[in-house]
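Me: I'm new to reading protein structures. Could you walk me through a few features, one at a time?

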Amino acid sequence: MSEVHRFFFPFTGKVKTQLKIVKKKDGSTGLIKPANVKKFEKEMRKHLSIAFPVELRPLHGYIEFTLNHYTKYKRDSSGLLVPEQYAQFDLDNLLKTVQDCFQPYKKKFTKYNEDGTTKKTEKGNNSYEWIELEAGIISNDKFVYRDASNWIPVDDKDDEGIEVFIRLMEEKELFLPVIPSGLIKNYKINL
């Protein structure tokens, strides 16, 4: 039987997981994480550091990552259930943000020459290196072979939260396609 690790974060509220486009000092454009995303990641990492011992990190193997996002709901004009705060319904970005929290925590440090001056790149910019400060539960999200994100409606605000399952898959499972249950209608696409 596969080993499964479950994490539950009693998180309420919304996280805007979209990156912001900003103008850099040199006039070029770039992407940054908004402050509330950084705060969310910091809080999540803090809880993970308490919940999952460093000596068990990182998990090795074929990883399946499942995220369930529990939020209050309302009905839209056609009667369908939708999240009470529609900004919460950005599941693909939320999945990526949460996966990032399970990876190692790295910080960018400036490289220096022996004489104490800053090392420069070929273009003349300061040279940096990334140093791992804390091991992640997963070493890199490129080792996540299957993932899923699900929205689960709840009646009570106290039941809101983010639940994550990390399952170590057996190698033979990689060869089996994931097929949803239900009556399948086939469509052949000719190119």
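Reply: Sure, let's begin with helices and strands: these are DSSP runs (H or I with at least four residues for helices, E with at least two for strands), numbered from the N terminus. Here, Glu64 lies in strand S4. Keep in mind that this is a predicted model, where local features need pLDDT of at least 70, side-chain atom pairs count only at pLDDT 80 or more, and totals for chains, interfaces and linings use all residues. Residues are numbered from 1 along each chain as its sequence is written, and side-chain values use heavy atoms, with hydrogens and water left out.

Me: Which residue's side chain does Glu64 join in a polar contact?

Reply: A polar contact is a pair of N or O atoms within 3.5 Å; within protein, one must be able to donate a hydrogen and the other to accept it, and residues adjacent in sequence count only if both atoms are side-chain atoms. For Glu64, the partner is Arg167, at 2.7 Å between the side chains.

Me: What else is Glu64 in contact with?

Reply: Contact means heavy atoms within 4.5 Å. Leaving aside neighbours within four places in sequence, the contacts of Glu64 include Arg146, Phe165 and Met169.

Me: How do I read a pair of aromatic rings?

Reply: You describe the pair by the distance of the centres and the angle of the planes. Rings of Phe, Tyr and Trp (its six-membered ring) pair if their centres lie within 6.5 Å; planes under 30 degrees apart count as stacked, over 60 as edge-to-face and the rest as tilted. By this rule there are five aromatic pairs. One of them is tilted: Phe8 and Tyr70, 6.2 Å centre to centre with 55 degrees between the planes. That pair links distant parts of the chain, with Phe8 in strand S1 (residues 3–9) and Tyr70 in strand S4 (residues 62–75), 62 residues apart.

Me: Are Phe8 and Tyr70 buried or exposed?

Reply: Buried means under 20% relative accessible area, exposed over 50%, partly exposed in between (1.4 Å probe, protein chains only). Phe8 is partly exposed at 34%, while Tyr70 counts as buried at 18%.

Me: What about Phe65 and Phe102?

Reply: They form an edge-to-face pair, 5.4 Å centre to centre and 90 degrees between the planes. Phe65 is in strand S4 and Phe102 in helix H2 (residues 91–102), 37 residues apart. Phe65 is buried at 0% relative accessibility, and Phe102 is buried at 0% too. Ring pairs also link Phe7, Phe52, Phe65 and Phe102 into a cluster.
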